[in-house]
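Colleague: Please take a close look at one helix towards the end of the chain, and then set it against the rest of the model. Plain wording will do, as I am new to this.

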Amino acid sequence: MRHIIRFGLASVLALTSGLLALAPTGYAQVAQGASSSAAVNTVTDSQEAQTVTIFGKKPEKGDPTITQIPTHDADSCGFMNNYDPNSEEIVQDYLKSFYGDYTSTIGGGATGDTSGADQSGVRFKDNSPFGNVSEGNAADHNTLPGMQIGATGPDGQPVDGDTSSGGCLPSDKAFAAGRSYIARTDHSLKDAFAAFDARDYPKALDLFRKSYEKMGYDSAALMEGKMYLAGMGTKPDAQQAVMWLKKVVEARFGPGDVLAFNPDDPTYMNTRIDAAMTLAKIYMVGLGGVPRDAAEAKRWYMKADDFGYMPATHTVGQIYEYGYAGEKNLPKAVSYLKKAGTAGYTPSMYELGELYRRGGDGLTQDDKLAAQWLMEAAKRGHPDALYAIGNMYDLGETLPHDPQKAVVYYKEAALKGQADAQDAIGLMFYTGEVVGQNYDTARKWFYQAALQRQPDAMFNLGAMYANGQGGDKDLVKAYVWLTLAKAEGADQAAPALTAVAAHMSADERTRADAFLQPKAG
């Protein structure tokens, strides 16, 4: 909707166009003594608040040497093999909070070592994966429970690779133990971050590389990639950055690695998402020998979408909406935008509303559905959605005509910096039809919108300067703003400029031209 003031040639303007503070009624003071009983006292408003100190004991961490062959990784020999619900991390953490060295409770042994084949668990110590002679449990403990070697050859020795009764060999157990030991004792990743924080970037770069080579930490590879990209501790090298970032994105991935999207923190990224988004942006703009490649950029945005990052899902929708990588497909765009919008990503809600308002290119126009999506986005404070809903109430399109509601939405959008809403609320203060007439306030809102190059606001501001409404009359500023409005496509500015120019002195015209065409330096 165009929100403008009609400019008469005689320089006469005419109309055309809430911490919710709850009064404390009492609160509970809990005091815990040596006994297990708790005293609850009701404290009224007249009583003074008291500080309550609760004493407790932190749970023990348990034996840090205990580990196990992973059962949730598809490339593990123990994947989907001899499943024991007691081995689930949530169960282990729960038991650990009670028992500390929880392995001795589950395994039934007194020492906490559960490497024996007669134990019910699958955990073992990384410093003695095949048993501990000093504890008398080394004999015949060379395999995990239920994972013993199957067939044997003529010499009575196990046939290499045959794990018919399980899936793991002693070498798998040794590998898991070695990896656990390195992870427990190696400090290269911690030292790398410490060096980075100390701005010793060459040392940090070297330590991140060593940390990745030892354990394959995604965070180490991500830091290597970003440091090469920014030239920290080395010369900028986008190709090296891409190599390291791909190590992160292309690492083993499972359903449990998908980010749980939080609408209250929509831009939060885990390590893999960060790497995928960085790759997408590198290929989108082209950088340091890495050529611009729309298809590659799209590929990495889609990878970030796979990882559960809704802003990437939104971007993929826009890629299909505008045909960025060669394929313009509104139904596909809607599919991705719905995925993000349903998850609670506000920009996608707004985008869906606008798409359904326009329709076309294989998408059926649906004003009602458009209003529903825009309303959801407006509820979450999206500035453009607030303006759109206000405009619907203002014009009575799809939503009932309700100027009072329109003012509410316009004002909220305007306070968030939405230029069209600032122009609309400015016109309402100018006309005084819905709110009290106030030229000073109207001029201020037009000025805020004009600073964002809103054409109608530029025109309206120029008109008010020409007529001295809401402040001093200033033909120089009027001419400047009307000229800018014309350049931005406000057709009504041309006759207004003619009217203003006719009343300007030569000096005023010179000063106006100096504003519009400043000299270099």
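Modeller: A residue is called buried when its relative accessible area is under 20%, and exposed when that area is over 50%. The model is a predicted one.

The part to look at is helix α19, which runs over residues 475–487. This helix has 13 residues, and 18 Å separate its first C-alpha from its last, close to the 18 Å expected at 1.5 Å a residue. Its buried residues are Leu475, Val476, Ala478, Tyr479, Val480, Trp481, Leu482 and Ala485. An α-helix has 3.6 residues a turn, so residues three or four places apart point the same way. The buried residues of α19 pack against four other helices, namely α17 (439–450), α18 (455–467), α20 (493–501) and α21 (506–516).

Next come the two ends. At the N-terminal end, Asp474 acts as a cap for α19. A side-chain oxygen of Asp474 lies 3.1 Å from the backbone nitrogen of Val476. After the helix comes Gly489, with a positive phi near 105°.

Now for the rest of the chain. It has 21 helices and 6 strands. Of its 521 residues, 42% count as buried. The accessible surface comes to about 28,100 Å², and carbon and sulfur atoms account for 52% of it.

Some of the burial can be described as nonpolar cores. The largest has 43 residues, and those that touch the most other members are Phe208, Val249, Met277, Leu279 and Tyr283. Several helices supply at least two residues each to this core, among them α5 (201–215), α7 (238–249) and α8 (271–285). The largest share, 8 residues, comes from α8. Leu279 shows what such packing looks like for one residue: leaving aside residues up to four places away in sequence, Leu279 touches Val242, Leu245, Lys246, Val249 and Trp300. There is also a second, separate core of 36 residues, and Val334, Leu386, Leu399 and Tyr410 are included in it.

Two loop residues show the two sides of the burial cut-off. Asn270 sits in the loop between α7 and α8. Its relative accessibility is 19%, so Asn270 counts as buried. A polar atom of the Asn270 side chain lies 2.9 Å from the backbone nitrogen of Ile273. Asn270 also touches Asp257 and Leu259, not counting residues up to four places away in sequence. Lys328, in the loop between α10 and α11, is exposed because its relative accessible area is 53%. Even so, Lys328 has contacts: it touches Tyr320, Glu321, Tyr322, Gly323 and Asp361, again not counting residues up to four places away in sequence. Lys328 and Gln318 are 10 residues apart along the chain, and their C-alpha atoms are separated by 9.4 Å.

Last, the confidence of the prediction. The pLDDT averages 81 over the chain, and 71% of the residues score at least 70. Over residues 8–46 the pLDDT is below 50, and this stretch has 50 contacts in the model beyond near neighbours in sequence. Residues 101–121 also stay under 50, and for them the model has 54 contacts beyond four places in sequence.

Methods: Residues numbered from 1 in each chain as written. Predicted model: local features only at pLDDT ≥ 70, side-chain atom pairs only at ≥ 80, totals over all residues. Heavy atoms only, no water. pLDDT = per-residue confidence, 0-100. Contact = heavy atoms within 4.5 Å. Expected span 1.5 Å × (residues − 1). Buried < 20%, exposed > 50% of the residue type's maximum accessible area, 1.4 Å probe, protein only. Polar contact = N/O pair within 3.5 Å; in protein donor to acceptor, adjacent residues only side chain to side chain. Core = buried A, V, L, I, M, F, W, Y, C linked by side-chain atoms within 4.5 Å. Areas by Shrake-Rupley, 256 points an atom, 1.4 Å probe, with all protein chains shown as cover.
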